[in-house]
Amino acid sequence: MVKNFVLALMLVAMTASPTLAKTIVFATDATWPPMEFVGPDKKITGLAVDLMEAAGKEAGFTPEFKAVAWDGIFAGLASGKYDAICSSVTITDERKAAMDFSTPYMQVKQALVIPKKSDAKCIENMKGKTLGAQISTTGHFAVKKSEGVKDKSYDEVGLAFEDLFNGRIDGVVCDDPVAKLYALKKDNYKDAMKIACIIPADDEMYGVAVKKGDKETLALINKGLEAVKKKGIEKEILTKWLGTAE
Amino acid sequence: MKHQGKCAVEEPQIIIDVGDGAAIPKPSDKGLVSAWRLSFAGALLVLGYLLVFHPDPYLRIFKFIPDGILITFQVTVCSIALALVFGLITGLGRISRNKYVNLVASTYVEIVRGVPLLVQLFYIYYALGRIVHVPDLLAAVLSMSVCYGAYMGEVFRAGILAIPTGQTEAARSLGFSRTQTMYYVVLPQAWRTILPPVGNEFIALLKDTSLVSILGVADLLRRGREFASESFLYFETFTMVAVVYLIITLVLSKLVSIMEERLSHHVKR
Amino acid sequence: MSNDNPIIRITDVSKYFDTVAALTHVSLDIGQGEKVVIIGPSGSGKSTLLRTINRLEDISTGRIVVDGFDLDDKTVDINKVRMEVGMVFQSFNLFPHKTVLQNLTLAPIKLKGMSEKEADVMARQLLDKVGILEKADVFPAKLSGGQQQRVAIARALAMSPKIMLFDEPTSALDPEMIGEVLDVMVKLAREGMTMVCVTHEMGFAREVADRIVFMDEGQILEIATPAQFYTNPQHPRTQKFLEQIL
């Protein structure tokens with residue numbers, strides 16, 4: 001009797017828990033401040049983290065963040081090591097072919113950061129120069145696309161900025177929120193660097209990536225994102241991290 | 001005096017821990033089928049098969065990585081050359097009778113052996129980068145050779161110490177100075193004992209050059225990573241990268257074994 | 001005996017290994033062309049004494065003058081002295097990476113600036129003398145012990161030394177090879193070479209030595225002509241030693 005009762009209880013618990021609060025594991029390359037990075041308390045934090053937590057509250061899921069190196073991040077999704085990627089992933093056609101994306105949660109552009117003393121206007125003045133970017137980011141693609149510019153790829157965008165600061169490369173291309181943080185806010189760097197320009201291109205949208213065909217996870221995330229936007233929570237978060245909601 | 005038990009000419013015998021290098025083919029492995037031949041033929045077959053029968057994406061990958069292979073090759077060759085120099089100096093320093101020279105050499109070995117190569121790479125490139133602007137390739141070569149110089153220093157030291165003192169005494173009694181004795185008598189013999197473990201270090205070094213990709217040096221591994229993370233063809237890309245590394249390593253290990261044979265054929269009993 | 005103007009003058013020499021005395025107050029003069037055989041039990045210091053003559057062993061106190069050079073004088077180039085003092089070792093110590101001929105020519109070419117041709121001719125003469133010319137181009141490892149030791153003697157002679165030191169040259173040899181080495185040494189003695197030999201070969205000592213030096217416990221106990229030494233030993237310990245070996 002007792003045994004049956006326990007079994008029944010367990011059965012109920014197992015079926016009920018996902019609807020109570022499903023845990024979604026998000027992979028993130030936490031080297032991309034202010035979007036996602038490791039804070040002083042060694043926890044992954046940032047704009048995207050706040051956003052997902054807010055979305056989770058609205059849609060009823062518990063986000064859990066897992067630090068993953070960027071250049072292996074998509075492989076891990078495909079092999080099911082986590083449920084989603086929330087790591088400032090720009091939605092591109094190539095990526096759409098390999099995975100599914102949520103509704104865009106942020107719009108970014110590619111910014112070129114150069115030394116303060118440089119008089120280059122934008123990427124077209126960088127012929128023969130070496131530009132750094134994080135490996136296989138849209139910034140890296142932009143550098144590769146520019147004719148006559150040498151590219152150098154880094155595991156982390158921070159290393160690219162350090163190399164720029166040390167004078168080994170002539171510029172860094174990355175998403176504009178990141179560029180703003182490094183070039184305008186960081187000690188040392190802010191006296192040595194400036195944002196030269198926003199590289200003209202189509203606007204880029206960040207989306208949360210899920211494994212192709214994982215409609216359940218996608219629906220939850222989209223539901224949360226929509227609610228967050230409607231209720232104005234998104235604006236609060238943007239203002240908190242970027243200083244403006246634009 | 002009792003001398004009966006003593007062998008007349010002692011064959012220098014030392015046992016030196018081998019690193020994680022690929023096995024250098026032994027002269028005894030000369031049969032038709034040896035592990036080396038099997039791996040080499042296998043690697044070439046796999047490479048050929050992939051390129052011919054699955055040109056998409058393998059040929060695309062293969063076309064993407066040659067400059068990475070070149071960089072890996074350059075870093076390896078330069079690092080080996082420099083590490084040999086560092087190793088010889090360190091080895092001699094470790095057996096020096098001058099206690100300051102000895103102390104400096106020993107401290108260098110202790111420090112380098114106590115810090116992981118990856119950390120050394122970060123240190124020379126990024127930490128010291130604030131003070132001296134070492135270009136990335138040079139930083140890579142420097143880190144590799146400083147690290148492997150210390151390892152090789154130990155091998156050199158052991159190899160030199162393995163030469164019977166009778167050799168030194170014979171040379172000194174003829175009127176050779178300490179340096180001349182080292183140059184004409186000890187080192188040419190030590191080289192024979194040193195080569196197999198040094199060869200292992202060469203191969204370990206070649207494989208460890210893959211670490212320099214963290215400096216943004218576009219070596220074979222980084223080219224592979226770039227291709228993979230852009231195309232999402234992880235399996236295909238890293239299969240290719242592994243096969244190419246394997247082929248390079250096997251070629252190097254063959255070279256070392258050829259050198260070994262050349263150096264030792266006339267002293268064989 | 002021509003001890004008025006000795007070519008080797010050992011005066012009151014002591015040597016300590018840490019606190020153990022290997023030699024205590026040893027004095028010995030050896031004249032030009034003299035053949036001295038040093039005999040004594042194991043650990044008596046005879047090899048040590050021999051090795052002090054070309055300073056393979058340093059001495060703690062006393063003075064050694066070889067061919068007018070004070071070995072402890074800092075201005076004396078010991079390498080110059082060693083060129084004039086050939087040494088033959090118990091374990092041959094041929095250079096295994098050099099052919100027999102190269103073993104002979106290495107030092108004359110590098111140290112005396114002899115041309116390769118000159119050295120070659122000289123080396124072949126010496127190899128002929130020790131009866132091993134046919135092995136000129138062989139590596140030492142291919143030779144028997146007796147052959148190796150003859151090459152070692154020829155190698156020492158290649159520097160045209162004034163003095164030859166022999167440190168138990170036959171002790172490592174199989175019995176049937178001892179004769180061929182002793183023959184070479186006898187030949188050398190007949191030519192008037194100054195020789196100091198540490199050996200157990202009584203026949204050789206009797207035939208060749210001008211004087212026999214008996215050592216025990218780091219001291220010279222008796223110096224005598226072979227005739228005196230073997231028929232009428234003076235020191236009790238010499239008597240005891242001879243009883244044991246004869």
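Me: What makes a stretch of chain C a helix or a strand, and how many of each are there?
Reply: Helices (H or I, at least four residues) and strands (E, at least two) are DSSP runs numbered from the N terminus, and by this rule chain C has nine helices and 10 strands. The model is a predicted one, in which local features need pLDDT of at least 70 and side-chain atom pairs count only at pLDDT 80 or more, whereas totals for chains, interfaces and linings use all residues. Residues are numbered from 1 along each chain as its sequence is written, and side-chain values use heavy atoms, with hydrogens and water left out.

Me: How do you know whether the radius of gyration of chain C agrees with that of a compact globule?
Reply: The radius is taken over C-alpha atoms, and the globule rule is 2.2 Å times the number of residues to the power 0.38. For 246 residues a compact globule would have a radius near 18 Å, and chain C has 18 Å, so the two agree.

Me: What share of chain C is called buried?
Reply: Buried means under 20% relative accessible area, with a 1.4 Å probe and protein chains only; 59% of the 246 residues in chain C are buried.

Me: Why are β2 and β5 of chain C called edge strands?
Reply: Two strands pair if DSSP finds at least two bridges between them. The open sheet of four strands has the order β2-β1-β4-β5 (chain C), with antiparallel pairing, and β2 (20-30) and β5 (69-70) are its edge strands, each pairing on one side only.

Me: What joins β4 to β5 in chain C?
Reply: Two bridges join strand β4 (residues 61-66) to β5(C), and the strands run antiparallel, with Val66(C) opposite Phe69(C) in β5(C).

Technical notes:
Chains lettered and ligands numbered in written order. Buried < 20%, exposed > 50% of the residue type's maximum accessible area, 1.4 Å probe, protein only.
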